[in-house]
Structures are given as C-alpha cells and as structure tokens.
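Please look through the structure shown here together with the report that follows it, which is meant for someone meeting this structure for the first time.

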Amino acid sequence: MASTLRLYLTCIRNTLEAAMCLQNFPCQEVERHNKPEVELKTSPELLLNPVLICRNEAEKCLIETSINSLRISLKVKQADELENILAKKFLRFLSMRAEAFQVLRRKPVQGYDISFLITNYHCEELQKQKLIDFIVQFMEMHSLKYFRRT
Amino acid sequence: MAAVAVHQFAQCITCHAWSPDHSMVAFCPNNNEVHIYKLVNDKWEKVHVLQKHDQIVSGIDWSGKSNRIVSVSHDRNSYVWNREGPEWVPTLVILRLNRAALCVRWSPKENKFAVGSGAKTVCVCYYEQENNWWVSKVIRKKHDSSVTSVAWHPNNILLATTSTDGKCRVFSTFIKGVDTRESKTGSSSDPKFGEQIVQLDLSSSWAFGVKWSPSGNTLAYVGHNSMIYFVDDIGPSPLAQNVAFCNLPLRDVLFVSEKMVIGVGFDCNPMVFAADKSGLWSFIRFLGEKKESLSGPKSGSQFSEAFGKLYAQAKHGLSNDTVEPSKIQGAVHDNCINCIALLNKKGSQTKRFSTSGMDGKVVIWDLGNQQDLKEYL
C-alpha cells in the first residue's frame with residue numbers, strides 16, 4: 001500500500017518538475033492583459049497536453065500546463081459516505097481560504113476534489129522545488145488519512 | 001570555476017544589456033522601469049532609472065557603436081533612449097502594435113531594430129531624419145502566434161524569428177533608403193521587405209532564443225521540448241541538426257564562437273554545446289556546478305510544516321543603491337536563467353558572457369580557464 005503511494009508521488013513530482021517551466025506571457029487576445037492561459041484556453045498553441053496520473057480508479061491527479069500557468073487537480077480516495085462528507089468539508093474549508101495559500105484554486109475543477117493554480121508569478125516569488133514539495137506533501141497528508149476518524 | 005562574478009540586483013530580472021565599454025548594465029527588475037548600474041570602485045551603483053513605460057519592460061538592447069538603448073514593454077510601446085549629457089532622453093517609437101512587445105534587437109549596423117510582439121507580428125523600425133522619429137514597418141500575417149525572439153544576420157538584412165507556434169522563420173528586411181542594395185550578391189538577395197526566405201518547422205513545441213553564428217552561416221534556436229536546433233545553409237535546402245537533451249528546456253542561446261553555443265534555461269545552469277570537426281553538434285557539459293536534486297518527500301510531515309516550507313523563502317534584499325559584489329557560491333543561479341549576453345572586450349582572447357535570471361542575479365562567466373573547451377573557441 002505504502003509502496004504504491006511512493007510511486008504515485010514520485011511520478012507526480014517528476015511530472016511537476018517538467019511541467020513547472022513557466023514564464024511571463026502577456027495575453028494574445030486582450031491588449032495589456034496577463035492571464036493564466038491554462039484557465040482561459042483561448043489559444044490552443046499555448047497549452048501543453050494534460051497528463052493524468054491515476055493510482056487507482058478513485059485516486060487520480062490531472063496536471064494541465066500552459067506557457068505561463070499550471071493547474072493541478074486532485075481526486076482523493078473516499079472509502080465510505082462519511083469520509084466523503086468529511087473530505088468535502090475539509091477541502092471546502094481550505095479552498096475558501098485559498099488566498100492564504102496563494103497557489104490554491106477556490107473551486108476544484110469539475111470531477112476533482114481540490115485544485116491548485118500555479119502561475120509564473122508564483123515561480124518568481126517562491127522556489128520551484130519548495131512548491132513541488134508543498135504539493136506532494138499535501139497529497140501525502142491526504143493519503144495518510146490525516147483527518148480520518150480511525 | 002567558470003562564474004567570475006555574481007551580483008544580486010533585484011528580486012527578479014526580466015532582461016539585461018551591457019553598455020559598449022561594459023562598465024554599465026541596464027536591466028528591468030520585473031517592473032516598468034529600466035535600471036542602469038555602473039561599476040564604481042568594485043561596487044555597483046544605481047546611476048539612472050528610466051521611467052516611461054506603464055507595464056513590465058520585456059526587452060532591452062544597448063547598441064555598441066551609437067550608445068543608444070531601446071526598450072520595449074508589454075504596454076505596446078517602445079522607446080529609444082539617447083544619452084544627452086548626464087541624462088537619458090527618450091524618443092517615442094511609433095510601433096503600431098495592438099498587443100505586447102516581447103523582444104527587441106538592434107541590427108548590426110544599428111540603423112534599424114526589430115521588435116517581436118504578441119500581436120503575431122514583427123516590427124522593423126528605422127529612423128526618419130525629416131520627422132525626427134522612429135518609424136516602423138510591420139511584417140504581418142506570417143506568424144501564427146506570438147513572436148518570442150528575433151535575431152539579425154550580420155548582413156543587416158536577414159532577420160530570424162521564433163514563435164510560440166514552434167516555427168523559426170527567416171525574413172528579408174530590406175528597406176529602401178536605409179539599406180543599400182549590393183549589386184554583387186547573387187540570387188540569394190531577396191530585397192523585398194517582409195519576404196519569408198525560409199520557414200523551419202523542426203520543433204513540436206514553442207520556440208525561443210534564436211541566434212546567428214558570428215559569420216552568419218549557422219542558426220541556432222531552442223524548443224520547449226528540450227531540444228536545440230542548429231541549421232546551416234539557410235536557403236532553399238537548409239541542413240538541420242536536432243540535439244535532444246534530458247534536462248529542462250532552454251530559454252536562450254548564445255554563440256561564443258563559430259563552433260560553440262551556450263544555452264541557458266530552466267536548469268539554472270548554462271549548457272555548453274559544441275560542433276566537432278565534421279560539424280556535428282552535441283551537448284558537452286554544464287558550465288556551473290550541478291545542483292543536487294532534492295530528496296523525496298518526508299513522511300508524516302505536518303500540514304503547517306509544509307505551509308511553513310512554502311513561505312520560508314528568502315525574499316532577497318532589494319532596492320539597494322549600492323550592491324556589493326558577492327563571493328561565488330556553489331550553484332550560481334537559484335531560478336530560471338532567461339537572458340544571456342556576450343561580454344567580449346574587443347581584441348581580447350578570453351570569451352566572457354553574462355546571464356540574468358528570475359532570481360535577480362547577473363552572473364559573469366569566463367571561459368578562459370575551461371581547458372576542455374579551448375579547442376572550440
């Protein structure tokens with residue numbers, strides 16, 4: 001059980017290291033604007049292929065990259081109904097305070113439990129390795145069922 | 001150690017350019033200003049701040065002979081700065097852009113400069129004496145996406161561009177009245193402005209950082225798919241070499257000689273590429289010391305600890321008017337290197353160049369004491 005978690009997290013870490021090559025890029029559609037291209041998706045040439053990493057049917061991670069932004073969406077495993085409610089409440093608590101985390105997205109992407117949006121501005125202010133560590137430790141924390149009742 | 005000097009100027013540097021005598025450096029500290037620092041008694045002092053742009057300055061170039069600075073910004077404007085006494089006086093350039101300008105380069109004769117933009121166009125500007133301003137001619141409808149980088153051929157006519165549509169194109173920028181038509185050149189001269197000479201579709205991802213070799217025979221550019229492309233014989237049948245490497249993508253390249261190219265990018269370490277006697281290009285080695293990759297995540301860490309890790313980043317001390325040159329540390333750049341510039345003193349044998357990056361440092365590298373690279377210089 002633990003070994004698949006290690007592999008899953010290593011895979012995500014390596015993908016993030018390759019995906020987090022972001023640069024400042026002004027909007028091609030609207031003058032004087034600078035928007036995260038992964039959210040807008042107006043220029044298909046600026047988007048890279050999304051990568052879906054699945055641990056099993058219930059746990060997966062979608063990494064979508066563009067030239068100036070990166071979106072990571074996680075679906076965490078919920079064994080039963082109660083855990084489903086707990087997870088939803090906990091992640092909603094975090095998402096509503098997304099401003100404090102800077103890289104968290106207020107609403108998760110459709111079909112996932114929580115999403116992160118990392119832009120080139122985050123990469124300028126914060127170190128890339130530490131950002132990746134943060135995301136991976138976040139996932140590890142969930143996988144360790146930190147908030148589980150047992 | 002190839003890095004001879006490291007200077008921390010700001011939190012993040014977008015681009016930089018050196019004065020003709022290499023005593024002053026102009027850079028943009030990730031805002032709408034251009035800062036010029038001068039080396040005085042082994043200390044860097046801020047001598048000028050050029051404030052005219054409204055948004056981030058994305059490109060700066062300092063002409064070698066005429067001592068003019070051209071700056072372009074995301075606010076679609078460009079200014080040519082002339083030194084008049086102690087001040088730098090800006091002259092507006094009518095670019096006629098409706099999107100951000102991304103890069104700028106003076107031509108070898110410094111009578112023109114080219115600007116790549118997010119409007120999928122390239123503006124080539126020249127000075128009109130009668131009206132005392134800079135006018136632009138625009139190359140339209142030739143690019144499918146933003147133009148990320150431009151480079152002039154030594155003949156002052158050919159211009160190579162790279163774009164986020166993955167292609168590298170070479171255009172003729174002959175302007176009547178500015179360029180002289182050489183009657184001796186054969187069929188390779190295409191004097192019409194904006195005519196596309198060749199389109200190179202080698203990369204499956206975005207293309208950046210195009211440069212010509214000193215003689216103009218070879219063209220090099222990088223793709224975001226971690227590849228660097230070398231093209232000889234630009235014309236109807238170009239000869240291209242693709243060199244793939246197993247590291248993070250590059251952002252910019254520089255020809256230090258006919259046979260050696262330095263690539264810089266997301267690995268924070270300059271990469272040396274060289275051509276052997278038969279003309280085959282390959283990756284030689286990294287210039288700086290390789291950074292150790294971080295170990296895997298530690299198990300059982302508390303959420304607040306992870307939170308704390310994220311915010312324990314040292315925000316570098318900034319806006320100092322005097323900056324002490326710091327001692328050389330192990331891994332030189334901490335963040336992506338996005339700009340590389342040649343620093344050769346005329347007549348000098350040693351090859352020097354400088355890099356600047358998102359960590360706000362400008363690092364000067366010297367290839368003089370790298371014994372294994374001497375054969376390529």
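The report below describes a predicted model, going from chain B and its openings to the core in chain A and then to three single residues.

## Chain B in outline

Chain B of this predicted model contains one helix and 29 strands, and of its 377 residues 57% count as buried. When the contacts in chain B with a separation of 6 or more are taken together, residues 24 or more positions apart account for 49% of them.

The unreviewed UniProt entry carries the annotation "repeat: WD", which covers residues 50–82 and 140–172 of chain B. In the span 50–82 of chain B, the end C-alpha atoms lie 11 Å apart, and the span is 58% strand and 0% helix. In the span 140–172 of chain B, the end C-alpha atoms lie 13 Å apart, with 52% strand and 0% helix.

## The largest pocket

The largest pocket has a volume of about 1400 Å³, and 37 residues line it, with B:Asp61, B:Trp62, B:Trp106, B:Leu254 and B:Leu342 lying nearest its centre. Two or more residues of this lining come from each of the following elements of chain B: strand S2 (16–18), strand S6 (57–62), strand S10 (101–106), strand S14 (147–152), strand S18 (207–212), strand S22 (250–257) and strand S27 (337–342). Sorted by class, the residues lining the largest pocket are 20 nonpolar, nine polar and eight charged.

## The largest cavity

A search of the whole structure finds three cavities of 30 Å³ or more, and the largest cavity has a volume of about 600 Å³. This largest cavity is lined by 30 residues, of which B:Ser58, B:Leu102, B:Thr148, B:Arg251 and B:Asn338 are the closest to its centre.

At least two residues of the lining of the largest cavity are supplied by each of S6, S10, S14, S18, S22 and S27 of chain B, while S10(B) gives the largest share, four residues. By class, the lining of the largest cavity is made up of 14 nonpolar, twelve polar and four charged residues.

## The largest nonpolar core

The largest nonpolar core has 39 residues, and those with the most contacts inside it are A:Ile63, A:Leu70, A:Ile72, A:Phe116 and A:Ile118. Helices and strands of chain A both contribute, since two or more core residues come from each of helix H1 (2–19), strand S2 (60–65), strand S3 (69–75), helix H3 (81–96), helix H4 (98–101), strand S4 (114–119) and helix H6 (128–143). Of these elements, H6(A) provides the largest share of the core, seven residues.

One of the core residues, A:Ile72, can serve as an example. Leaving aside its neighbours within four places in sequence, A:Ile72 is in contact with A:Leu16, A:Cys61, A:Leu62, A:Ile63, A:Ile114, A:Ser115, A:Phe116, A:Ile118 and A:Ile135.

## Two residues with positive phi

Most residues other than glycine have a negative phi. B:Asp42 has a phi near 70°, a positive value in a residue other than glycine, and B:Asp42 lies in the loop between strand S4 (33–40) and strand S5 (43–51) of chain B. Because its relative accessibility is 61%, B:Asp42 counts as exposed.

B:Glu110, for which phi is near 60°, is also a residue other than glycine with a positive value, and B:Glu110 is placed in the loop between S10 and strand S11 (112–117) of chain B. With a relative accessible area of 9%, B:Glu110 is buried. Not counting residues up to four places away in sequence, B:Glu110 touches B:Ser63, B:Gly64, B:Lys65, B:Ser66 and B:Arg68. The C-alpha atoms of B:Glu110 and B:Val363, which are 253 residues apart along the chain, are separated by 26 Å.

## A loop residue after S22

B:Lys259 is found in the loop between S22 and strand S23 (260–265) of chain B, where B:Lys259 is partly exposed, with a relative accessible area of 36%. Apart from residues up to four places away in sequence, B:Lys259 touches B:Phe273, B:Ala274, B:Ala275, B:Asp276, B:Trp281 and B:Tyr376. For one of these partners, B:Trp281, the position along the chain is 22 residues from B:Lys259, and the C-alpha atoms of the two residues are separated by 8.4 Å.

Notes:
Residues are numbered from 1 along each chain as its sequence is written. Chains are lettered from A and ligands numbered from 1 in the order in which they are written. This is a predicted model: local features need pLDDT of at least 70, side-chain atom pairs count only at pLDDT 80 or more; totals for chains, interfaces and linings use all residues. Side-chain values use heavy atoms; hydrogens and water are left out. On a 1 Å grid over the protein atoms alone, a cavity is a set of points where a 1.4 Å probe fits but cannot get out, and a pocket is an open set with protein on both sides within 12 Å along at least five of seven lines; lining residues have an atom within 4 Å of a point. Grid points are joined across faces, edges and corners, and a volume is the space filled by probe spheres set on the points. Ala, Val, Leu, Ile, Met, Phe, Trp, Tyr, Cys and Pro count as nonpolar, Asp, Glu, Lys and Arg as charged, and the others, Gly among them, as polar. UniProt positions are given in the numbering used here, feature names are shortened, and annotations may be inferred rather than shown by experiment. A nonpolar core is a set of buried Ala, Val, Leu, Ile, Met, Phe, Trp, Tyr and Cys residues joined through side-chain atoms within 4.5 Å. Buried means under 20% relative accessible area, exposed over 50%, partly exposed in between (1.4 Å probe, protein chains only). Contact means heavy atoms within 4.5 Å.
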